[in-house]
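Me: I am new to this structure and would like a close look at a single part of it. Please take one strand and explain carefully what surrounds it and what is bonded to it.

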Amino acid sequence: MSTPPPQGNPFAQGQNPYAQAPQGQAPYPQPGAPGVPPQGGAPYAPVPPQQPGRKVSFKTIKNVLVGVGVVVAIVVGVITSMDDADKAEVGDCLKSASSSSDEMEVVDCTSSDAEAKVLKKIDGTYTSFTAETACRKVSGATSFYAQTGDGDNFLLCLSDV
């Protein structure tokens, strides 16, 4: 017959918490017993291997480069499509930015692209009729360029180069 384990508080008076275990039993679980890890093992669970870093694929690089290319093309297009006429001063030469556009571009007067020379720049808003009337008063003027509508309104009286 075996003795039942003590009940209650083991630190109560009269009970020895360091008493010997009954004959044939070890005071502590022995290494190798079921549920007890072998001695000398790591005190913590093994660390799982690190996941390899995400590799950047060719497709990702291609998509980023295409996106950057589109943005650059848009910026260049906007910059090159700006009208230079608002920067033109008396004595500058101009050419049409394109055959289908009435925007002007400042060019060197010795260039074969030069189409007209600025004789006078007048601030204000002009219709086609009032612009023609104002430039007739400028000696040597053969044409005009009027910019209206985007805040910087002016008239350029032009002569042939």
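Reply: What follows looks closely at strand S5 and then at the parts around it.

The model is a predicted one, in which local features need pLDDT of at least 70 and side-chain atom pairs count only at pLDDT 80 or more, while totals for chains, interfaces and linings use all residues. Residues are numbered from 1 along each chain as its sequence is written, and side-chain values use heavy atoms, with hydrogens and water left out.

To place the strand, it helps to begin with the chain. The chain has 2 helices and 5 strands, where helices (H or I, at least four residues) and strands (E, at least two) are DSSP runs numbered from the N terminus. Along the sequence these elements follow the pattern α-β-β-β-α-β-β. Of the 161 residues, 16% count as buried, a word that here means under 20% relative accessible area, with exposed meaning over 50% and partly exposed lying in between (1.4 Å probe, protein chains only).

Strand S5 covers residues 154-160, and because 6 of its 7 residues are buried, the strand is largely enclosed by the rest of the structure. Two strands pair with S5, pairing being counted if DSSP finds at least two bridges between two strands. Strand S3, residues 116-123, pairs with S5 in the antiparallel sense over 7 bridges, and within this pairing Asp 123 stands opposite Phe 154 of S5. Strand S4, residues 143-147, is also antiparallel to S5, with 5 bridges, and here Phe 144 has Cys 157 as its bridge partner in S5.

Cys 157 also takes part in a disulfide, which is a pair of cysteine sulfur atoms within 2.5 Å. Its partner is Cys 135, and the two sulfur atoms are 2.0 Å apart. This disulfide links distant parts of the chain, since Cys 135 belongs to helix H2 and Cys 157 to strand S5, 22 residues apart. The torsion about the S-S bond of Cys 135 and Cys 157 is about -85°, so the disulfide is left-handed. Both Cys 135 and Cys 157 are buried.

Helix H2, to which the strand is joined in this way, also holds a charged pair. The structure holds 1 salt bridge, a term for a side-chain nitrogen of Lys or Arg within 4 Å of a carboxyl oxygen of Asp or Glu. Arg 136 forms this salt bridge with Glu 132, and their closest N and O atoms are 2.8 Å apart. The two residues are 4 apart in helix H2, residues 128-136, and are therefore separated by about one helical turn. Arg 136 is exposed, with a relative accessible area of 64%, whereas Glu 132 is partly exposed at 35%.

For comparison, the structure has 2 disulfides, and the other one joins Cys 93 and Cys 109, whose sulfur atoms are 1.9 Å apart. Cys 93 lies in strand S1 (residues 93-96) and Cys 109 in the loop between strand S2 (104-107) and S3, so this pair ties together parts that are 16 residues apart in sequence. The torsion about the S-S bond of Cys 93 and Cys 109 is about 105°, so that disulfide is right-handed. Cys 93 is buried, with a relative accessible area of 1%, while Cys 109 is partly exposed at 32%. When the bonded cysteines are numbered in sequence order, the pairing is 1-2, 3-4.
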